[in-house]
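User: Could you take a close look at one part of this structure and explain how two helices pack against each other?

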Amino acid sequence: MVGTSVAPTPLLKDELDIVIPTIRNLDFLEMWRPFFQPYHLIIVQDGDPSRVIKVPEGFDYELYNRNDINRILGPKASCISFKDSACRCFGYMVSKKKYIYTIDDDCFVAKDPSGKDINALEQHIKNLLCPATPFFFNTLYDPYRDGADFVRGYPFSLREGAPTAVSHGLWLNIPDYDAPTQLVKPRERNTRYVDAVLTIPKGTLFPMCGMNLAFDRELIGPAMYFGLMGDGQPIGRYDDMWAGWCTKVICDHLGLGVKTGLPYIWHSKASNPFVNLKKEYKGIYWQEELIPFFQSATLPKDCTTVQNCYIELSKQVKAKLGKVDEYFIKLADAMVTWIEAWDELNSTSDIPKGPAK
Amino acid sequence: MSQANIMDNEVDIVIGALHSDLTIFMNEWRPVFSRFHLIIVKDPDLTGEIQIPEGFNVDVYTRSDIDRVVGSSTSILFSGYSCRYFGYLMSQKKYVISIDDDCIPAKDNEGSLVDIVVQHITNLTTPATPFFFNTLYDPYRKGADFVRGYPFSLREGVTCALSCGLWLNLADYDAPTQALKPELRNSRYVDAVLTVPVRAMLPLSGINIAFDRELVGPALIPALKLAGEGKFRWETMEDIWSGMCVKVISDHMGLGVKSGLPYVWRNERGNAIESLKKEWEGVKLMEEVVPFFQAVRLPQSAVTAEDCVVELAKIVKEQLGQSYPMFVRAAEAMVEWIKVWKAVRSG
């Protein structure tokens with residue numbers, strides 16, 4: 001019996017940043033220490049900038065509060081949300097790395113069915129480093145996983161796959177339900193460990209959750225704008241959804257893949273469903289217009305960069321969704337501001353923009 | 001564990017017999033199958049009597065039955081693995097479950113025997129969600145639901161027409177893959193059922209499937225035979241072709257296709273390298289059909305599965321038939337199949 005030797009997953013410690021939005025504290029990092037310590041952290045502190053957020057000893061990090069965001073972006077800071085974890089996308093913008101992993105501060109290390117701690121970051125890296133298969137569904141899920149392959153009937157011409165731009169992980173314990181579902185099923189917990197990674201087919205949309213998410217910043221970064229949420233905005237808890245729909249449309253256009261499934265993290269905190277309902281309320285109605293919009297959105301062939309695609313999408317948002325609510329006109333403008341800020345911060349010239357430590 | 005409310009008289013189990021001695025097979029499946037009516041169709045090319053143990057409610061069909069019902073010129077449709085389609089034709093039940101005769105029941109992660117009938121029927125009797133992907137997979141499963149961001153207007157789902165199961169041990173790999181990795185065995189039990197989204201194509205494996213015969217029976221078609229087709233799964237494409245057709249038709253009719261649980265345990269059979277040596281005109285030609293199926297659109301006027309197959313056959317003949325005679329034959333077989341289907345229904 002030939003033993004299979006699997007090459008170890010590269011650490012990528014100099015190529016990946018971990019972006020964490022927080023308004024409270026970073027105690028959760030202690031549990032992640034064995035897996036996160038090699039990496040550089042970008043902490044985006046939401047809320048009151050005069051509050052001091054303590055980062056546990058031994059982590060290499062940069063921390064940005066609202067004052068830093070305002071200082072670095074100037075008037076363009078208007079596109080970054082305040083009093084909402086959507087502010088995390090500022091971290092994506094200032095990162096200099098190829099890959100981003102973002103995680104919420106109420107997410108902990110989960111255990112797999114054998115009782116072993118799950119190194120979520122390692123799985124995300126595996127997902128990002130091997131191809132996705134958006135053009136044809138493989139019934140045995142990820143064909144590149146150890147112990148799997150393409151099934152009979154899978155076109156040979158499609159077996160090279162497409163580059164993976166996004167790795168969307170899942171959650172055990174508190175599932176990511178909307179407020180109405182939370183109200184109806186307050187005790188439901190996700191206890192089902194589904195041992196699969198799969199590619200979401202081209203042309204199919206999904207709800208992207210930002211709690212346990214990794215992406216290739218070079219491939220898709222500018223599309224990961226988490227919108228206008230929180231203070232002064234009519235909506236909340238749709239930041240990651242918005243980014244996910246834009247990202248998927250652009251990935252489909254550019255021939256990039258989006259994976260979902262492993263890894264699992266342990267989600268410990270159930271947010272207040274009544275607070276959530278207030279935040280989501282408008283979104284529940286608006287969603288019904290947003291989905292047909294994204295499902296039918298097409299991008300012209302000459303949009304070949306993520307930024308061009310995103311600007312084009314913002315024009316369509318303004319033209320078609322502006323009638324739903326003037327919020328979308330503001331959002332379309334913010335999408336443009338975001339790209340302008342992204343390009344400014346990520347041009348080749350050296351602009352000093354260090355955070356206050 | 002919740003049991004699906006299965007009406008025993010709503011289900012047929014259809015087995016295409018490519019071996020004559022089904023004693024071990026039937027005994028392995030006895031705990032799962034004995035409640036139901038079975039249809040066993042003997043491969044017309046198989047010699048020797050079919051052997052089945054006692055205690056089953058079963059009808060066996062052989063070459064002479066096939067010739068009698070469809071005429072000997074049409075019976076060519078039903079040779080080899082395609083003999084099972086004759087069973088679909090003969091069935092009068094709402095749901096059909098069909099597996100290959102080299103599979104036995106699998107065990108789940110807890111060590112319990114997987115009852116494929118309960119799982120397939122659950123899949124077929126709960127809605128599918130083809131228009132938007134739910135990241136927690138089947139939202140109707142106990143302990144799961146739609147996630148935040150899933151549009152409310154899409155939460156009713158649509159009727160599920162087809163349930164595609166999977167395989168532990170010997171997975172359904174093609175011959176090149178199995179020849180390259182002879183030790184490769186599937187030991188990963190993935191505890192999920194999911195809907196294959198609208199417009200996404202998948203390779204349908206006939207090894208372990210179930211479907212709503214009343215809705216899409218006519219759309220599972222014994223039309224594509226490879227020139228060198230033999231008696232091993234590695235050498236067939238009939239189910240792959242059938243699967244492309246039924247997915248396009250299900251998408252058109254607003255029905256859903258699920259994939260995932262249940263698993264069967266599939267045993268060793270044949271030699272992948274031997275199968276590799278055969279001429280595979282068909283496998284190369286399949287590469288041509290993928291863009292075709294991804295782009296094909298059926299006219300609004302095609303409302304039933306029968307209409308859809310006839311329309312699809314026209315388009316296959318016009319577009320694929322131009323370049324490849326094999327597809328002209330496939331299109332003709334599709335039309336022939338619908339004629340036979342209608343004749344049997346009305347007779």
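Analyst: What follows is a walk through one pair of helices, with a short look at two other places afterwards. Please keep in mind that this is a predicted model.

In general, a pair of packed helices is described by the angle between their axes and the distance between those axes. In chain A, helix α8 covers residues 273–296 and helix α9 covers residues 306–321, and their axes come within 11 Å and cross at roughly 135°. Because of that angle, α8(A) is oblique to α9(A), and the crossing in which α8(A) passes α9(A) is right-handed. On the α8(A) side, the residues that take part are A:E289, A:L290, A:F293 and A:F294, and they meet A:L313, A:Q316, A:V317, A:K320 and A:L321 in α9(A). Sorted by character, the residues of this contact comprise six nonpolar, one polar and two charged.

Turning to chain B, helix α11 runs over residues 325–346, and its 22 residues reach 32 Å from the first C-alpha to the last, close to the 32 Å expected at 1.5 Å a residue. Its buried residues include B:F327, B:M334, B:W337 and B:W341.

A loop residue of chain B offers another view, since B:T47 counts as exposed because its relative accessibility is 67%. B:T47 sits in the loop between β2 (37–42) and β3 (57–61) of chain B. Leaving aside residues up to four places away in sequence, B:T47 touches B:S20 and B:K42. The C-alpha atoms of B:T47 and B:H19 are separated by 9.2 Å, although these residues are 28 residues apart along the chain.

Key. Residues are numbered from 1 along each chain as its sequence is written. Chains are lettered from A and ligands numbered from 1 in the order in which they are written. This is a predicted model: local features need pLDDT of at least 70, side-chain atom pairs count only at pLDDT 80 or more; totals for chains, interfaces and linings use all residues. Side-chain values use heavy atoms; hydrogens and water are left out. Axes are lines fitted to C-alpha atoms, for helices over the stretch in contact, and angles run from 0 to 180 degrees between N-to-C directions. Helices (H or I, at least four residues) and strands (E, at least two) are DSSP runs, numbered from the N terminus. Angles under 35 degrees count as roughly parallel, over 145 as roughly antiparallel, 65 to 115 as roughly perpendicular and the rest as oblique. A crossing is left-handed if the near helix is turned anticlockwise from the far one by less than a right angle, and right-handed if clockwise. Contact means heavy atoms within 4.5 Å. Ala, Val, Leu, Ile, Met, Phe, Trp, Tyr, Cys and Pro count as nonpolar, Asp, Glu, Lys and Arg as charged, and the others, Gly among them, as polar. The expected span of a helix is 1.5 Å times one less than its number of residues. Buried means under 20% relative accessible area, exposed over 50%, partly exposed in between (1.4 Å probe, protein chains only).
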